[in-house]
Each structure stands twice: as structure tokens, then as C-alpha cells.
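User: Please take me through the salt bridges of this model, with the cut-offs behind each term.

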Amino acid sequence: MRAKVYFSREITPQKVVELYKKLGIALPGKVAVKVHSGEKGNQNYIRPDFWKPAVDEVNGTIVECNTAYGDASGGVRDHTPSHLRLLKAHGWIGTFDTDLMDAEGPDVVWKIPNGKVLKENHLGKHILNYDSMLVLAHFKGHPMGGFGGALKQLSIGCASAVGKALIHSGGVSESNIEAWKLHAEQDRFCEAMADAASSVVKHFEGKIAYVNVMKNLSVDCDCCSVAEDPCMKDIGILASLDPVAIDQACIDLIYAAKDDPGQAHFIERVESRHGIHTIEAAAELGFGVREYELIEL
């Protein structure tokens, strides 16, 4: 059974809403809207004004979580006070209702009985306040995962600082300091991301939708305070009810962009980090499929 993935080469806030509506889903109750709010100093993250029509469409609340950075990262999102200040400086607070889901403990712990690496996922407890979720992902590269899209938003993006440490360490440590010293073998790290993502999809089953925007295509993530400038031309917007299919479609569009002079650099980042293994692991866990129908609008 192929998943439907809607695609537009036009990248505008209005197209995000149009593609979301094509999914034919009405997200019920209180809607969490997961974005990447951008690290201090990052130039590539997608700004609040671009996402505003989509957030307004679902009457959503922007949700984020603290990071598990080491002291030398240059980032400020690993502590609640500085993270909240950055959310305000970047315009999230003031434009939207905004919720730092792990601003206060204790974490929510969700079991992952069939996990390849992780048997539980740790998330900010505020996630329990929401009935449904809209995942708005900026598709781009990533220095550790190879790429970041819907699956990364579900996994590292929704995990608390402890949850992120567990993902990075392959379930070995809850310490953000030790997680970097004990970083898991790469395929185990990719599998841990898939495990964590599966728990979020299961929690919001039937009440979750995904939009990936392929612009500002840097090999680095929006979590990098010092990131490379985009190396590829903008490609478009995709929307789906399947997080595996939408990320697979984005990867396929990268490989199809043969005339783009930055393609080789982007692909090297994905392949050197075994990024596609996250998609493979997620499909094996059964919460999405790699086969899709790309419907261009």
C-alpha cells in the first residue's frame, strides 16, 4: 500500500495550508505544532511568519523541547531560561501560544516494547496536554543524522533533554554530558531515532500530519549555531499522513536534482551518516512505508 505525498514546487505560506488541506484530516482538540525554532546564530531556520498561516489554520500551539548540548556547542537552548529568551527573540513567543514542553519535570516516559535500541522514550510532560499534532519540518541536512525531516522532529525534536541523551547514546545514558562521550554506533543512533519517533506516532495515531519544506538546503541543521549556508536550490513543499513516506520522498527529490551543483555535497552528508537507515528502521517498525505516490499540485 503506497502512501500519498502531496508536492508543490511553489514555496509560500499559503501553499503549506493548501497542501495540509489536501490531506483531508481535521486535527481534533488542542493541537501541538512541532517546529524547529532555530538555534542562536543560525541563519537557515524557517521563520515564524512563514509558518503562521498553517498554525492559524489548526489554531495550534508551538511546541519545543530543551536540547542536550555539550558545553562547547555554542547553543543556548539546553537550559529553560535561555531557551525561553531565544524563543522570544526569534519571534515565536509573541506571535503564537508557545510551549516549552519540558520546562518543568518530571518527564513523561512512554514504553517502546518493539524498539530496536530503545525500550522507552522520555518526553516533556506537557505533551500530554495535546490531543493531536501537526509536524512542520524544515527538511535539511544534519551533522549527526545526515538529514533532518519529519522523523527527526518526532524523535529528537519531541524528546526531553534526557530523551535526547538516550537517543544519542543508544540507550546507554540519560546524561547530556555522557551522551556525547558515549555516542552510539551510527546505525544504532539512527535506529534509536526511529524507536523514539514510533512512540510519538503511536500516541497521536490518526491525529497527526506532516509537512516538510525543502528550502534553505544546508548540510547543517537548524540546531547549529554556526551552520553552512545552503548548498542546493530550494525544491518545494511536501505533505503527508505518513512520516516515513514524506522523508523518503524528500530524499528521492534530492537524488533527482542532478543538475544542482550542491547535490553531491548534500548527498555526501546523508550517506556518510547512514541517514537513510533511519527511514529503513522506521519502516521496519511499521509506523510508515517507504512506497508512496507523489501527487504534484
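**Salt bridges**

Analyst: The structure holds nine salt bridges, a salt bridge being a side-chain nitrogen of Lys or Arg within 4 Å of a carboxyl oxygen of Asp or Glu. This is a predicted model, in which local features need pLDDT of at least 70 and side-chain atom pairs count only at pLDDT 80 or more, while totals for chains, interfaces and linings use all residues. Residues are numbered from 1 along each chain as its sequence is written, and side-chain values use heavy atoms, with hydrogens and water left out.

User: How far apart in sequence are the parts that Glu296 and Arg9 tie together?

Analyst: The closest N and O atoms of Glu296 and Arg9 are 2.8 Å apart. Glu296 belongs to strand S12, whereas Arg9 sits in the loop between S1 and H1, where helices (H or I, at least four residues) and strands (E, at least two) are DSSP runs numbered from the N terminus. The pair therefore links parts whose separation in sequence is 287 residues.

User: Is Lys15, the salt-bridge partner of Glu18, buried or exposed?

Analyst: Lys15 and Glu18 meet through their side chains at 3.1 Å, N to O, and they are three residues apart in helix H1, separated by about one helical turn. Buried means under 20% relative accessible area, exposed over 50%, and partly exposed in between (1.4 Å probe, protein chains only). Glu18, at 33%, is partly exposed, whereas Lys15, with a relative accessible area of 13%, is buried.
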